[in-house]
Amino acid sequence: MIWRNKGHEFDVYAETLLAANPRMKYYIFGAGILGKELMLVLRKYGCLSAFIDNSTDKQGNKIDEFDIISFEKYLEKRDGQIIISASKENRKEIKNQLEENSLKYRTDFFMYDEFTYSIFPIISVYYFDKSYVPLAQVSVTERCTLKCKKCAHGCFAVDNSSKDLTLDQVCKSADCFFSKVDFIKEFVLIGGEPLLYKELAQAIQYIGEHYRNQIGTYAITTNGTIVPGEEVMKVCKKYNILYRISNYSRRIPRLKNSYQKLRDALETYDISYIFSNEDDEWMDYGFDYVDRGGDESELLRVFDACQAPCREIRENRFYFCVMARSVSENLKFNIGENDYLDLNKLDRKKYKKELLEFTLGYSEKGYLDMCRHCNGAEAENIPIHMAEQMEKA
């Protein structure tokens, strides 16, 4: 989307959102992983009332200080909006359950993804006067232990001589980001393979020591091929790091042993992790064959339909799409060098709204140069096998 009224793009819509929930009270429907992650955000803002769950085994219990109640008990009050934070398999059933009880979608309740990535960022700025970003990443290294043909970051083209970010760059990235962002749902250290980064413990320590109270979920995304040493493990435990572990065992069976070693080590240190499903598929973004040319109307269409959630911070540069930046560099497209928001140049008076608008897809051009080499939202309809290797890995 092209900026037409910078700093005011959401003024009208924000009024509608605030009017629909003037007391700013929320209920999370689903007491599982997604619900607990959203709890970290809403608790920080003081606007979570309780969890709702259909399981009678969970009802009457608590998650931290918050009660888990039945939907029937909620209906007795109906004093806040509901966020459906259940698995994909259960969302449709819960949506039907709410609508059968005269609750209106996008008025009385929202789905987890749209609320987290599109609705709450607006509420945070317009109601709470706080800048909020759902997800941002720091790519500490582009090097990787695997050579995946369809790597969404193009890391198969990076050799071990490639330079990582320096620790100073990582720290400056965090400093600049959190000087403008009051709270983030999830802040992630990624790669490449981040556990290759020699100063990972120091990076985790610095960010955790200075900004942990501004982070809901502090995470590392790993392919599971490396077991961290004691220094990294201790600092991960100290700052409550969540490991998101990819599962490529179907494509690379030998990794099963590596995964087990990593999980055993994390459990020894009581560090949380989420292990992906081996049946998951990747999407084919088409970086190796898509070329849309320079038709701006087409690039605007592709960008607006995509709305990728993966932001990246590199010192003062806030990138809308981490893949666009990394693929352009790693595969030598060498385009889009200026496709970022310079956090140091934001208007001092209205930076929160400008940052909000950029995070939700507004920019001077309205698209990224790398959109011409990407399938965008259409990638969801082009499933491919995960982690097919370029060579023996």
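**Exercise 1. Is Y45 buried or exposed?** Classify this residue and then describe the ring pair it forms with F128.

*Solution.* The model under study is predicted.
Step 1. Y45 has a relative accessible area of 7%. Buried means under 20%, so Y45 is buried.
Step 2. The ring centres of Y45 and F128 are 5.0 Å apart, and the planes meet at 75°. Planes over 60 degrees apart count as edge-to-face; the pair is therefore edge-to-face.
Step 3. Y45 belongs to helix α2 (residues 33–45), whereas F128 lies in the loop between α5 (112–126) and β7 (132–139). With these positions 83 residues apart, the pair links distant parts of the chain.
Step 4. Both residues belong to one aromatic cluster, formed by Y26, Y45, F110, F115, F120, Y127, F128, Y132 and F183. The structure as a whole holds 27 aromatic pairs.

**Exercise 2. Determine the environment of E37 in helix α2.**

*Solution.*
Step 1. The relative accessibility of E37 is 9%. This value is under 20%, so E37 counts as buried.
Step 2. The side chain of E37 is joined to that of K185 by a polar contact of 3.5 Å.
Step 3. When neighbours within four places in sequence are left aside, E37 is in contact with Y112, K185, E186, T217, L242, R244 and I274. K185 thus appears both in this list and as the polar partner.

**Exercise 3. Identify which rings lie beneath the charged ends of K180 and R311.**

*Solution.*
Step 1. The charged end of K180 sits over the ring of Y351, at 5.9 Å from the ring centre.
Step 2. For R311, the ring is that of F320, and the charged end is 3.6 Å from its centre.

**Exercise 4. Establish how many disulfides the structure contains, and examine C321 and C374.**

*Solution.*
Step 1. A search of the whole structure returns zero disulfides.
Step 2. For C321, the nearest cysteine sulfur belongs to C306 and is 6.6 Å away. A disulfide requires sulfur atoms within 2.5 Å, and C321 is in no disulfide.
Step 3. C321 has a relative accessible area of 12% and is buried.
Step 4. C374 likewise has the sulfur of C306 as its nearest cysteine sulfur, at 5.9 Å, and is in no disulfide.
Step 5. C374, at 11% relative accessibility, also counts as buried.

**Exercise 5. Decide where the buried residues of helix α10 lie around its axis, and characterise Q307.**

*Solution.*
Step 1. Helix α10 spans residues 296–306, and L299, V302 and F303 are buried in it.
Step 2. Viewed down the axis of α10, the buried residues fall within an arc of 95°, so they line one face of the helix.
Step 3. Q307 follows just after α10 and takes a positive phi of about 55°. Q307 is a residue other than glycine.
Step 4. Q307 lies in the loop between α10 and β13 (311–314). Its relative accessibility of 28% places Q307 in the partly exposed class.

**Exercise 6. Describe the backbone at K332 and at the G191–G192 peptide bond.**

*Solution.*
Step 1. K332 is not a glycine, yet has a positive phi of about 65°.
Step 2. K332 is found in the loop between α11 (322–330) and β15 (340–342). At 62% relative accessibility, K332 counts as exposed.
Step 3. The peptide bond joining G191 and G192 is cis, with omega of about 20°. G192 lies in the loop between β8 (183–190) and α7 (200–211).

Terms used: Residues are numbered from 1 along each chain as its sequence is written. This is a predicted model: local features need pLDDT of at least 70, side-chain atom pairs count only at pLDDT 80 or more; totals for chains, interfaces and linings use all residues. Side-chain values use heavy atoms; hydrogens and water are left out. Rings of Phe, Tyr and Trp (its six-membered ring) pair if their centres lie within 6.5 Å; planes under 30 degrees apart count as stacked, over 60 as edge-to-face and the rest as tilted. Helices (H or I, at least four residues) and strands (E, at least two) are DSSP runs, numbered from the N terminus. Buried means under 20% relative accessible area, exposed over 50%, partly exposed in between (1.4 Å probe, protein chains only). A charge sits over a ring if NZ of Lys or CZ of Arg is within 6 Å of the ring centre and within 35 degrees of the ring normal. The arc is that of the directions from the helix axis to the C-beta atoms. A polar contact is a pair of N or O atoms within 3.5 Å; within protein, one must be able to donate a hydrogen and the other to accept it, and residues adjacent in sequence count only if both atoms are side-chain atoms. Contact means heavy atoms within 4.5 Å.
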